[in-house]
Amino acid sequence: MRELILLRHAEAQPAQPGGDDLGRRLSGRGEQEARAAGRWLEQWLKKHGQQRPGRVLCSPSERTRATAALALAEVQGAPEPELCEDIYEATQGELLALLDDHGDVDSVLLVGHNPGIERLVALLAEGRSDEYRGVPPAGIAVFHSDEGFEPGHARLEAFWSP
């Protein structure tokens, strides 16, 4: 894999007392953010002559599935998301291990949650994840690497937030 695109789910409705976190839906604003993220990604890919993601990995939560669906509707030729239970509540190390299992494609889009996404961004860019700045809802980080995705060895090509 040479390109990794990380997308945090868009703004979700607040959790209800005793409610199921996996079932939280996007807010109206979140739906707009997800579409905007897809439009930005489509434009970025075209502008930089990048290929479409060869694989889309998505947490099984309602908010990540909706984010992926709305964003990918804007990206021409994107594959259907593969639901990966391992993404939900994953640490940055667990996300890296998951990505290692998908090294057979050149580009992966991973749709997930904080703190895993923001810590993975910090780990890839800086080699450590103890001081991360955060990835806002629907934020996107695009990384490239010729050596594989190891801590501190990836190049942050682009970062976008709504």
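This passage describes strand β2 with its partners, and then the surroundings of His 144, in a predicted model.

Strand β2 comprises residues 55-58 and is covered on both faces. In a regular strand, side chains point alternately to the two faces of the sheet. In β2, Arg 55 and Leu 57 lie on one side, Val 56 and Cys 58 lie on the other, and all of these residues are buried.

Two strands pair with β2. Strand β4, formed by residues 107-112, is joined to β2 in the parallel sense over four bridges; within this pairing, Arg 55 is placed opposite Val 108 of β4. Strand β3, formed by residues 81-83, also runs parallel to β2, and three bridges connect these strands. Here Cys 58 of β2 faces Leu 83 of β3. Together with helix α2, which spans residues 62-72, the strands β2 and β3 build a β-α-β unit that is right-handed.

His 144 belongs to strand β5, which covers residues 140-144. The relative accessibility of His 144 is 12%, and this residue therefore counts as buried, the limit for that class being under 20%. The side chain of His 144 forms a polar contact of 2.9 Å with the side chain of Glu 3. Glu 3 also appears among the residues in contact with His 144 when neighbours within four places in sequence are left aside. The other residues in this set are Arg 2, Trp 44, Gln 50, Phe 149, Ala 154, Arg 155 and Glu 157.

Definitions and conventions: Residues are numbered from 1 along each chain as its sequence is written. This is a predicted model: local features need pLDDT of at least 70, side-chain atom pairs count only at pLDDT 80 or more; totals for chains, interfaces and linings use all residues. Side-chain values use heavy atoms; hydrogens and water are left out. Buried means under 20% relative accessible area, exposed over 50%, partly exposed in between (1.4 Å probe, protein chains only). A polar contact is a pair of N or O atoms within 3.5 Å; within protein, one must be able to donate a hydrogen and the other to accept it, and residues adjacent in sequence count only if both atoms are side-chain atoms. Contact means heavy atoms within 4.5 Å. Two strands pair if DSSP finds at least two bridges between them. A crossover is right-handed if, with the strands pointing away from the viewer, the path from the first strand over the helix to the second runs clockwise.
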